[in-house]
Amino acid sequence: MYRVASASEYLVITGLGIPDINIAKKAWVLPGQSSRKFDVSPVNYTFEVQAMSAEKLPFVLPAVFTIGPRIDDEGSLLKYAKLISPHDKLSNHVKDLVQGIIEGETRVLAASMTMEEIFKGTKEFKQEVFGKVQLELNQFGLLIYNANVKQLVDVPGHEYFSYLGQKTQMEAANQAKIDVAEARMKGEIGAKLRSGQTLQNAAKIDAETRIISTQREGEGKKEEMKVKTDVKVYENHREAEVAEANAELAKKKAGWAKDAQVAEVEAEKAVALRDAELQREVERMNALAMTEKLKAEFLSKASVEYETKVQEANWELYKKQKEAEAYLYEKEKEAAAQKAIAEADFYSRKQIIDGDLYAKMKEAEGLKALAEAQGTYLHSLLEALGGNYAALRDYLMISGGMFQELAKINAEAIHGLQPKISIWTTGGSEAAAEGGGSALKEVAGIYKTLPPLFKTVQEQTGMLPPSWMGTMTNDTSH
């Protein structure tokens, strides 16, 4: 069946032999295929978008959008045919879709601007909203053909624009009173200024008239000198052109004379050269006739010898060819056998490698799926915890038994330790009683701390101090 769409319609065809859909103005619809028409004329959508500025002041933005499919782009028309055309353009589904996009973009943009910025920059605000809405509508193949934003309207209970209008009226009234007073003052002062300015302007005009007359005389003389100079320059230029033309003519005459002499010499040389060529051709023909005569004499004798030698050579060649063919056939069979063995070995190795590769790919897919599942799980936990990464970390450590493992490791680390506590007395109380005026007593006090230090190192590590520093005894009494 042959179907034709009207001027504002398109045909969308799908079915047998069509992988996705076809869009056309007219086409044959074959058996096993289905078609329908959809209208591409734009539709007006009227909205009253409620938004809130950065100061938390609500307002209403009345707007009228003329929206339709983008018919100059095939990709956009395909999107519209698949996503929007199955629904009525005036249905609530399409209207809610468009209204949701417009309200969302308008509210996001209004929240980043103050009420004063929105009110004063209405044109920029409108362009910004249209640009962002168009980006969202592109994914549905829609285009904003026209848009009109009306004046901002107050939300009941928030009369911001009413108060702003009253403020403007009061400012205008006060400004009018100020303007009347200023006009009265300017009128009284202006009368006095006019009389003074009249006298000043008369004197100024007389002086300017004298200056202008002097300037005109100087400009006339200057223009006359300029004309004379231009005439002289033109005459010099013409003389230079005539001299250049004469030189060029003399140059061409010399060239023509030279060409004529060269042509005469070339003609003489050509005649001599042709004579030499003809003489050489005569000598060549004589030599050729002599060669043919000698060739005829030796040809008969050489022919007999040649036939004999050819027959003998053919026989030897035939025997060697057969031997070579037999050897080649044998080698070809051996090569075919080795090739078959190599192909079998290659096939078995390839199967093993393909099996290992398939196992690795499946293992990688499993790890990827596990990682994606864990990522989704962690993302949901982070959202449930309000984006608190510290709480998420603590929860994972508790659920994974991390704290129990740390406690176990710490317990195993100190298990079996038998700390030893040694108490050493260095006579510090007696030294303090005797008085601390001597520096030698302080040095002696430092040396008294060395034995317990060496003893502790020996017990913990088994190491002894060097013999030149001292020797530890086995006495345990301190």
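**Entry 1: salt bridges**

I started with charged pairs and counted eleven salt bridges in the structure. A reminder to myself: this is a predicted model. I picked three of the pairs to look up one by one.

My pick in helix H4 was Glu128 with Lys132, where the closest N and O atoms are 3.9 Å apart. Where do Glu128 and Lys132 sit relative to each other in the helix? Helix H4 covers residues 122–137, and the two are four residues apart in it, so about one helical turn separates them. I then checked how open each side is to the surroundings. Glu128 comes out as partly exposed at 38% relative accessibility, and Lys132 is partly exposed too, with 31%.

Next I went to helix H5, which spans residues 160–384. Here Arg274 and Glu277 join their side chains in a salt bridge, with 3.3 Å from N to O. Their spacing in helix H5 is three residues, about one turn of the helix. Arg274 has a relative accessible area of 49%, which I noted as partly exposed because the limit for exposed is over 50%. Glu277 is partly exposed with 31%.

I stayed in helix H5 for Glu334 and Lys331, whose side chains form a salt bridge at 3.9 Å, N to O. These two are again three residues apart, about one turn of the helix. For accessibility I wrote down 37% for Glu334, partly exposed, and 36% for Lys331, also partly exposed.

**Entry 2: a small look at Tyr45**

I wanted a residue in a strand, and Tyr45 belongs to strand S6, residues 43–52. Is Tyr45 buried or exposed? Its relative accessible area is 6%, so I listed Tyr45 as buried. I also took a C-alpha distance from Tyr45 to Ala63: the two lie 18 residues apart along the chain, and their C-alpha atoms are separated by 8.3 Å.

**Entry 3: the three-stranded sheet**

Which order do the strands of the open three-stranded sheet follow? I read it as S3-S2-S5, with antiparallel pairing. Strand S3 (18–24) and strand S5 (33–39) are the edge strands, each pairing on one side only. On average, neighbouring strands in this sheet are turned by 20° against each other, direction ignored.

I followed the pairing of S2 and S3 in more detail. Strand S2 takes in residues 9–15 and pairs with S3 in the antiparallel sense over four bridges. One residue I traced by hand was Leu11, whose bridge partner in S3 is Ala24.

Then I looked for a helix against these strands. Helix H1, residues 74–83, lies across S2, S3 and S5, and runs at about 105° to S3.

**Entry 4: Gln134**

Back to helix H4, which also holds Gln134. At 14% relative accessibility, Gln134 counts as buried, because the cut-off for buried is under 20%. What does Gln134 touch, leaving out residues up to four places away in sequence? I found Arg70, Leu142, Leu143 and Ile144. For Leu142 I have a polar detail as well: the backbone oxygen of Leu142 is 3.1 Å from a polar atom of the Gln134 side chain.

**Recap for the bench**

For my own overview of helix H4, I have Glu128 partly exposed, Lys132 partly exposed and Gln134 buried. From helix H5 I keep the Arg274 and Glu277 pair at 3.3 Å and the Glu334 and Lys331 pair at 3.9 Å.

Key: Residues numbered from 1 in each chain as written. Predicted model: local features only at pLDDT ≥ 70, side-chain atom pairs only at ≥ 80, totals over all residues. Heavy atoms only, no water. Salt bridge = Lys/Arg side-chain N within 4 Å of Asp/Glu carboxyl O. Buried < 20%, exposed > 50% of the residue type's maximum accessible area, 1.4 Å probe, protein only. Pairing = 2+ DSSP bridges. Axes fitted to C-alpha atoms, helices over the stretch in contact; angles between N-to-C directions. Contact = heavy atoms within 4.5 Å. Polar contact = N/O pair within 3.5 Å; in protein donor to acceptor, adjacent residues only side chain to side chain.
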